[in-house]
Amino acid sequence: MNLEDIIKQTKTYYCLECGKCTSICPVSRHNSNFSPRLMLERALMDSEGELVHDRELFSCLTCYACSDLCPSEVDYPVFTQKVRSLASGQGEHGDCAHSGVLFSLMRLTAHSGIKQKRLDWLDGCRTTQRSEVLYFVGCAPYFEPVFEDIEVSPVNIARNSIKILNALGIEPMLLPNERCCGHDLLWTGDVETFKKLAHINAEMIKESGARKIVFSCPEGYRTFKIDYPQYVKLDCEPVHITELLAQNLSRLPLQPRVKQEGISPEVRKVTYQDPCRLGRHLGIYEPPREIIKAIPGIELVEMEHSGGESICCGTSVWTNCSSYSKEIRIERLSEAKATGAEVLVTTCPKCQIHFKCAMVDKGAEKGPDIKMGVTDLVNLVANAMETRE
Amino acid sequence: MNKEDGRKSVLVIGGGIAGIQASLDLANMGFKVYLVEKSPSIGGRMAQLDKTFPTNDCAMCILAPKMIEANSHPNIELLTYSEVEEISGGIGKFRVRVKKKASFVDRSKCTGCGLCQEKCPWKVDSEFELGLGKRGVIYIPFAQAIPRVATIDKEHCVYLLKGKCRACEKVCSAKAIDFEQKDEHIELRVGAIIVASGLGLYDITSLTEYGYRKIKNVITAIEFERLTAASGPTMGELRRPSDGRTPENIAFVQCVGSRDFRNKAYCSSVCCMHATKEAMLAFEHHPGTKSTIFYMDMRAVGKRFQEYVARAKKEYDVTYVRGRPGRIEVDPENDNPIIWYEETISGRVMSFEAELVVLAQAMIPQITKEFADILGIELNEDGFVKVPDKLAQPLDTTKPGIFACGYVHSPRDIPDSVTQASGAAGRAAEEIASLGSRGGE
Amino acid sequence: MPEFEPKIIAFCCNWCTYAAADIAGTSRIHYPANVRIVRVMCSGMVDPIYVLKAFEKGADGVLVAGCHEVDCHYLNGPLKCDAMFAKLKRVTNTLGLENERLRREMISTSESPIFAQVIEQMVQQLKKLGPSPLRGGVKA
């Protein structure tokens, strides 16, 4: 596949150079070197060599803010993804944050011979060996040691998710040797490793006999729902936990007391960050809101830009994370703060990590430091299910 | 049913400038013309405009004489407030059933004095004023309406709905009010039909990025026309909706709903020019007004159009910015809209605060699939009348004997619509005049 | 069939452990040739990516060794290394890597026999465990 093929496949030749994409791109607002329009222009002018070696190719957040408005219906994120796979073939991979540790882990799980020990956090959860419902844990056990210092516990999200499923009468199955879904590898152009992961996961899922896979992470969900079917055969239905909860709200034992994770017992106002993968990628805006509104004693206030207009949390696939990323986060956190909410609720562990990171990074030169509670919706629900402090 | 030979008559559907022109041309050639118009008055979209480009002539000053001529021409029969219900037959022998809607006013008696509309206690949004002004339930649509008679809108008339009021009847000195009036159905025999139903407005509320109907000071171009027109709801004073102040800094946003695969993929053709005109008008109304036009491409292709744009830049301080805005927000302190755009020449993402934003709303052909089926003609994928042979017979529809002109045919401005109207009249005349000589009906 | 020879990558701090390894050599203290030594200025600068990359590239075992806390040239390197290592161990455990494959030691310049001993031990353990499950052709 070469650049010309990509242009044909993604129909980028329809681009009218109108600039609508760049005008609302959160990266372009802060990073004047980046412009979706100019990237496309370069591609169309046949400057493949230049394009694949441009650092800014990896600055795109693939958040879909641009394509949602594009009058020529150019799928800019998919274009970016495909050009990145060309770039990857030439040794380019953008600046990997955290020294590339997370990518290394993803690649390491692509070995078929490993036997992971990833389920030692299940206390309080009821799971079963064989069930129609599989809970996909994702990278939580690996992220836990990395991000616990900024007060984000992905494992807690997984634990609470399973407890909520239990409350709904579901005892899910877990894959003891589950692999990374491969989302970050796909979106940075390492399609080969992604395919390996997809095959290993699909095989395990097939053997498990699962009919439904529940995700707490929108990236895993999107990957299984949209990307996996292009490479492997999946005979089961991926679903996000918020969709499941929204359909079963009346059966959840919700009480108005909340605690833990930096949330004070008197919390009343929360605001909601639509993750890019759940929102613009998959169109799921209402279910999380229905859930928040169903929790007694909680009031949802919307940020200035919400739903389809939501602003991304500032970093995608751990790549090209920079001071611009922090500027984007500060912009978004300022909006959250302006609502008067005490807690920012999201349904993506990565959003949570990125916002928390902006808070602990004390550099004030990029804007005011903003302190706010940040938590996952699943934690909010789990707290509301507990009967005592 | 008229007993006249169908081959000497033509039906023109649509009383806008194109329909009027076609009617006049045919009437002058000796044909009998039935000009059917859905609304109470002929005039169409042009009557709503203040000035026309590229001359900045007063629209009504050009239109009204034609309207009057159409009304008084012995060969033209105006059937306003009427709709075509059914058509059968073919070229040379169409049978058309027209519904003359009940206006509850006896037109032979109504003098058009206008007292009834003044005294009507119930006011509703005026369609002519695009909701910016009100009209009575009994009304004359605009000052220069032809025919100048009142019409009662039965959907809102309190007497017809609830049995109360009849205020208009009390004040009408000509005793023209007739609440017993019924819809009338007539049958016409015509040799040819010209479709000139004109230009519609695409509903851009779903393009939420522009904030139309959410942000008070974001209006459409045609609403702007009504605000600057001397006969409009503000008597020609350009006042912005939120506080009635005269805006001194106006932004025009082009291609709203047009050139957009998610809405209308085609170019509406006239917006680049009308935005330029509107910017000039704003300056004339209030010298020193700064206008900025956000465009993608300047379509100034007609005769002297490019010079018009150059004049706007030089003499009226209009700035043209190449960049299609991605979002319009608002400053809650002063209700000023804020436009986010990329200035594509330099590549910088900027925000622009204006006092008023005028959106160049996409324009659509005013014809439904249902009506096209009644006519027996096809529409293309954008809803315009389908023209099977664009090069040899560009005004013919897919049904012999039916021709189209004006915006319903394809996006075009007033001079081109008038040209096409004469063309369609010529085609219609040619076809039916030659019927006898071709030896068959 | 040739016996399995494990490959060990050892990140050794310049001032202590590297010197210890050097002295082991010059003192003719024998230690297996399975180890490749990577000299770092301080064990505190060892980033988890070095270790993970080593495993990606086929290492069967990794040793992270440096000064004792009181000896560090840069004062707090070993403490930083300990904190990093604790997290790294949790990650490699989750990956299913056996405990013996990733090892932390504090070996000062004068402790070269200990260096040899550690390597000898690791090689024996890894021979029993076999090749790393993380081996097998992944590009960097």
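**Exercise 1.** Which residue just after α2(C) takes a positive phi?

*Solution.* This is a predicted model. Go to the end of α2(C), which spans 48-56. Just past this helix sits C:G58. The phi of C:G58 is positive, about 110°.

**Exercise 2.** Find the buried residues of α2(C), then list the elements they pack against.

*Solution.* Step one: apply the cut-off. A residue counts as buried if 20 or more other C-beta atoms lie within 10 Å of its own. In α2(C), C:P48, C:V51, C:L52, C:A54, C:F55 and C:E56 are buried.
Step two: look at their partners. Within chain C, these buried residues pack against β1 (8-13), β3 (61-66), α3 and β4 (102-106). From chain A, α8 (101-108) joins the list.

**Exercise 3.** Describe the side of chain C that touches chain A.

*Solution.* Step one: count. Chain C gives 18 residues to the contact, and chain A gives 19.
Step two: locate. Two elements of chain C, α2 (48-56) and α3 (77-94), give two or more residues each. The largest share, six residues, comes from α2(C).
Step three: classify. This side of chain C has nine nonpolar, four polar and five charged residues.

**Exercise 4.** Now do the same for the side of chain B that touches chain A.

*Solution.* Step one: count. Chain B and chain A give 18 residues each.
Step two: locate. Strands β20 (336-343) and β21 (348-353) of chain B each supply at least two residues. The largest share is three residues, from β20(B).
Step three: classify. Here chain B has six nonpolar, four polar and eight charged residues.

Notes
Residues are numbered from 1 along each chain as its sequence is written. Chains are lettered from A and ligands numbered from 1 in the order in which they are written. This is a predicted model: local features need pLDDT of at least 70, side-chain atom pairs count only at pLDDT 80 or more; totals for chains, interfaces and linings use all residues. Two residues are in contact if their C-beta atoms, placed from the backbone, lie within 7 Å. Helices (H or I, at least four residues) and strands (E, at least two) are DSSP runs, numbered from the N terminus. Ala, Val, Leu, Ile, Met, Phe, Trp, Tyr, Cys and Pro count as nonpolar, Asp, Glu, Lys and Arg as charged, and the others, Gly among them, as polar. A residue is buried if 20 or more other C-beta atoms lie within 10 Å of its own, exposed if 12 or fewer, and partly exposed in between; C-beta atoms are placed from the backbone.
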